Structure formats: structure tokens, C-alpha cells
Amino acid sequence: MQSIANWLIIIFTGAFVLGLITLAVMYWQDVHQTTHAIRRNYPVIGRMRYRFERLGEYFRQYFFANDREEQPFNRAMRSWVYRTAKGLGGLISFGSTHDLNQPGAYIFVNASFPKLEEEKTPMPPITIGARCDKPYVAKHAFNISGMSYGAISKPAVRALACGAAKAGIWLNTGEGGLSPYHTEFGTDVIFQIGTAKYGVRDAEGRLDPDRLREVGQQVQAFEVKLSQGAKPGRGGVLPGIKVTEEIARIRGIPAGKTSSSPNRHRDVANTQQLLELMHYIRGLTGRPVGFKAVYGSELFPRELCETIHRLGIDYAPDFITVDGGEGGTGAAPQVLADHVGLSLSESLPMVVNTLTEYDLRDQIRVIASGKLVTSGHVAWALCVGADFAVTARGFMFALGCIQSLQCHKDTCPTGITTHNPRLQKGLVVEDKAERVASYAHWVNHEINELAHSCGLSNAREFQREHLRIVQKPGYSMPLSELYPEIRITSLIQESLKRQA
Ligand SMILES: Cc1cc2nc3c(=O)[nH]c(=O)nc-3n(C[C@H](O)[C@H](O)[C@H](O)COP(=O)(O)O)c2cc1C
């Protein structure tokens, strides 16, 4: 007994002395270093600031931030996705914490006499690229936005592909090429051609027609990526740490080296070249071809429509993806993410209006993306005039993302954006595929519920008059008045014909 007590005294004294020596070393380091003013002025204790700042990133969401406060996605939105992905439904009790007086809040215009159960109809499928040899019939309005294999992990791609197949929705590959995991479950796939043309490039980085034809056999449509909301004017960046042997092979690049795609397609410097490229891909593959962009003003869509009329309707894209400036990414410079590109709430009505004005709305499908993660947001996009809504981060939440903001570091704690096998273990494909399917199913179901509440048979019937936007407390305006649609087509077409 006596000897145990002696040992304990020795251990505690040793630990105490060691602690004192450590503090003394830290003190010496702090007063002699020159980079951190706080540590120099408040040795040792000043270090706590940096530790708390780091920990705050993780703990704020649990202890301090309220339900509707955080960015980019608040807890209320994330929890809604988690619940629906787990099949727990979107039920709440007592009342909503959503502030209906906040400018920008949506208010759907409920009908006094909503549809009876027997009057409701399922949402009809929509054809993309009716003029193509192989049009694509998309069954649902809500689908998965582009995330490349590379930015996200193999189990993440597999869970998304499997879940998408179960739900009957499409999966966009993002700009990283087509992996075997995208097609493993028979999912509908939209292949994205990024500015580096990963997966369909030759040794010099130009489009490889043979490879394009090959890919065309396996996917439903092609999307040429001009830009994305999180980093307009900047190409994709995949840090070297994430360029594994397999990812390098799929993309056609060297392994282990940071891969940066150019900030625009080298062969596309104006609207005519864009339309010609899409026309070429459509001709080669027979598949629908569209493009994705974030918009800075209405100049680009206007010029695009004029060029379509000049070249002929055969050159029109089969779809346009409108990505809002609020979009996410695996890695982007903060200044571009914060300040460049219009938000979807401004660009979507602008693009839809321009297409309507130039009489092209019926030929070109519109896909909207930018924080459309709940059924309310998706229904908003349909009211504005989109045919489809897609989300990347919504589906990341369905996979278990906790918004730890580490996509670019290969340290994602949920295994979604890391190639570290230890962290990927947490992402069990079979389980997460169910969640992806459940989330997609729930959103596609709930937009119809909203439509029924507005007196419509299904969500395809949404118009701008079905939504009001709060301008100031106690005052909202119908979307149809905020963004009126103007059709001056015949005039424009006549003048374009004359110019031709
Ligand atoms: C991890 C990650 C990877 C992405 N990779 C791509 C990509 O390869 N190509 C692309 O066009 N957009 C990419 N995006 C952007 C999304 O497709 C989408 O446009 C954007 O995040 C807006 O949708 P959201 O707000 O629903 O996430 C990526 C986004 C994330 C979060």
C-alpha cells in the first residue's frame, strides 16, 4: 500500500514538473515569436484564442447558433433533409420557426377550394431534346446536380448512383469524367463536359470524338459546363492529394498532381462557338446537349437567344442549367464564392423571361440549381418557370454531410469528400443509397402536395401567380408582378429574319 502511494506521488510530481517545463517552453516561444501579436502580448493564455476559434467552427452549430441562422445552410434546412432522408417525414409540431415577415420569404397562394384526392394527378415526365435522335424522358422534377468523382469519394458516388436509380432520378457526373460507379446501378446519367474535358479528351486536352461516342452509349445527355455559381471565371481545382491513380485514369491526367481545369473551354469564346460545339456533340452522339452557367447580367442570355435565331433552331441547346451565385463546390477562392455571379432568385426569372421573350421557352428546358434543397425551394423554382431543380449539397446532406466545410482538405469526417479509406468506412453505401432515394422521393412528393394546396393537379401546373414574395413585414407581392413575362417574339423574329 505504502509503495503504491509512493509511486503515485512520484508520478504526480513528475507530471507537475513536466507541465511546468512545457508552460515555460510555451512562454519562451510566445514572447520570442514575431508573427502573432496576441501570443506575444499574452504568452501561453493567448494560444487559447486560436484553439477556441477552431473549435467554434465545430461547436457553434450545436450550442450557440439558432435554427435559422447558419450559412451556407442553417440547422432547420439540414435537419429537414436529414429527417426526410431517413424517411421520418417533414412533420413539425407547435408551429414554424420560419419568419413569414422576413423580406424574401415565400408564400404559396393557397386555393380556397383545393383539389380532391381523386382530382390529383401524378407529375407527368418531361422530354429533354425532343429533336434529338435519342431524346431523354426525365421522370421527376428534382434530380442530382454535378459533383465529380474526385471531389467526392467512390462510396459517395456509388450511394448517389444507387439511390438515384431507386428513385428514378438522374445523376450528373460533374466535370470529373464517367466512372464505373456512375453506371453500376443503371442510373440515368447526365455527363458533364468541363473545361478540361476530363473523360472525353485526347492527349492535348481536345475533345476526342471516339471517346465521346463511347460515352454517348452509356449516358442519357451531355452538359457543357461554362461556369458554376461558386467560382465563376475559374476552372475546377482538384488538390493533388485527391488525384488517386484511378481518378487520374478516368480523367486522363497524371496522378498525385493538383489538377486545374482552364477557366473556359479553349474552343468556346462566344455564343456562336458554344452553340456549334453543342450541335457537334448532339450530331455525334444523338443525345440531348445543354450547358450550365452562372449569370452576371441579362446580356449573355439575350445574346445567346439572338445567336440561336441567327444560326437556326437546330443549334438551340436542349436545356440550360442556371446555377445561382450561392452554389457550392469542392474548392473555390472565397472572393469568387462571396461576390461573383447573380443569385438564383435574380438569374432564374431573368433567363426564363429572356427565353420567353425570344420565343424559345418551349424548345429549351430550364434546370435550376442553387440551394434548392427543400420542397418549398424546388416549388419556388417551378413557379418561376424552371422545368427541373437539382441540388448537390442537398444530396450531400442525405449522405450524412455535417457541413464541416472541409471538402478541399481530404479530411471530410463523413467520408463524402475524402479518399482516405479510414474515413470512407463511415459511409455505408447500401444505407446511404436508401437515404438518397428517400430524400428524392420525398421532395418530388411534397412539391405535388404544395401544388394541391394551391388548387393544382400537380406541380407541373405551377405558375408565377401561385407564389408571393414578402417585400417587408406584412406586405408581399405576387411573383407574376415582380417578374412579369413579356413576349415580343414576332417582332424580334422578323427583325432577325431580315438580318439573316
Ligand atoms: C463537392 C461539390 C462538387 C461539385 N462539383 C461540381 C462539378 O464537378 N461540376 C459542376 O458544374 N458543379 C459542381 N458543383 C456545384 C454543384 O453542382 C451545384 O451547381 C452547386 O453546388 C449549387 O447547388 P447546391 O446549392 O444545391 O449545392 C459541386 C458542388 C459541390 C458541393
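**Note on the ligand site, cores and selected residues**

1. An oxygen atom of the ligand lies 2.7 Å from an N or O atom in the side chain of Arg393. The protein covers 98% of the 600 Å² of accessible area that the ligand has on its own. The model is a predicted one, and the values in this note should be read accordingly.

2. Two further side chains approach the ligand through polar atoms. In Gln192, a side-chain N or O atom is 2.8 Å from a nitrogen atom of the ligand. In Asp323, the corresponding separation is 3.0 Å, and the ligand atom concerned is an oxygen.

3. The surroundings of the ligand comprise 23 residues, of which Ser145, Gly146, Lys371, Thr391 and Arg393 come nearest. Sorted by class, this shell holds 13 polar, six charged and four nonpolar residues.

4. Asn172 merits separate attention. The residue belongs to strand β5, which spans residues 170-172. Is Asn172 buried or exposed? Its relative accessibility is 5%, so Asn172 counts as buried. Its side chain reaches the backbone nitrogen of Gly174 at 2.8 Å, and a polar contact of 2.9 Å joins it to the side chain of Glu223. Beyond its neighbours within four places in sequence, Asn172 is in contact with Ile144, Ser145, Gly146, Met147, Ile190, Gln192 and Glu223. Among these contacts of Asn172 are Ser145 and Gly146, which are also listed with the residues that come nearest to the ligand. Gln192 is another contact of Asn172, and its side chain has an N or O atom 2.8 Å from a ligand nitrogen.

5. The largest nonpolar core contains 104 residues; Leu348, Tyr439 and Phe462 touch the most other members. Helix α16, residues 429-453, gives the most to this core, with eight residues. With residues up to four places away in sequence set aside, Phe462 touches Phe108, Ala379, Leu382, Cys383, Ile447, Leu450, Ala451, Cys454 and Leu456. A second core, separate from the one just described, has eleven residues, including Ile190, Ala221, Phe319 and Ile367. Ile190 also appears among the contacts of Asn172.

6. Two residues other than glycine have a positive phi. For Val44, phi is near 65°; this residue is placed in the loop between α2 (37-41) and α3 (47-63). For Asp359, phi is near 60°, and the residue is found in the loop between α12 (344-357) and β12 (365-369). Asp359 is partly exposed, because its relative accessible area is 28% and the buried class ends under 20% while the exposed class begins over 50%.

7. Gly104 occupies the loop between α4 (75-85) and β1 (106-108). At 38% relative accessibility, Gly104 counts as partly exposed. Which residues does Gly104 contact, leaving aside its neighbours within four places in sequence? They are Ile469 and Val470. The C-alpha atoms of Gly104 and Ser476 are separated by 8.9 Å, although the two residues are 372 residues apart along the chain.

8. Asp314 is likewise a loop residue, found between α10 (299-311) and β11 (319-323). Its relative accessible area is 49%, and Asp314 is therefore classed as partly exposed, since exposed requires a value over 50%. Neighbours within four places in sequence aside, the contacts of Asp314 are Arg131, His279 and Arg282. Arg131 is 183 residues apart from Asp314 in sequence, and their C-alpha atoms are 8.1 Å apart in space.

9. Helix α9, residues 271-285, includes Thr271. Thr271 is buried, with a relative accessible area of 6%. Residues up to four places away in sequence are not counted in its contacts, which are Phe300, Glu303, Leu304 and Thr307.

10. Leu277 is also found in helix α9. At 9% relative accessibility, Leu277 counts as buried. Leaving aside neighbours within four places in sequence, Leu277 is in contact with Leu207, Val224, Asp267 and Val268. The C-alpha atoms of Leu277 and Thr329 are separated by 25 Å, with their positions 52 residues apart along the chain.

Notes:
Residues are numbered from 1 along each chain as its sequence is written. This is a predicted model: local features need pLDDT of at least 70, side-chain atom pairs count only at pLDDT 80 or more; totals for chains, interfaces and linings use all residues. Side-chain values use heavy atoms; hydrogens and water are left out. A residue is near a molecule or strand if one of its heavy atoms lies within 4 Å of it. A polar contact is a pair of N or O atoms within 3.5 Å; within protein, one must be able to donate a hydrogen and the other to accept it, and residues adjacent in sequence count only if both atoms are side-chain atoms. Accessible areas come from the Shrake-Rupley method with a 1.4 Å probe; for residues, only the protein chains shown count as cover. Ala, Val, Leu, Ile, Met, Phe, Trp, Tyr, Cys and Pro count as nonpolar, Asp, Glu, Lys and Arg as charged, and the others, Gly among them, as polar. A nonpolar core is a set of buried Ala, Val, Leu, Ile, Met, Phe, Trp, Tyr and Cys residues joined through side-chain atoms within 4.5 Å. Buried means under 20% relative accessible area, exposed over 50%, partly exposed in between (1.4 Å probe, protein chains only). Helices (H or I, at least four residues) and strands (E, at least two) are DSSP runs, numbered from the N terminus. Contact means heavy atoms within 4.5 Å.
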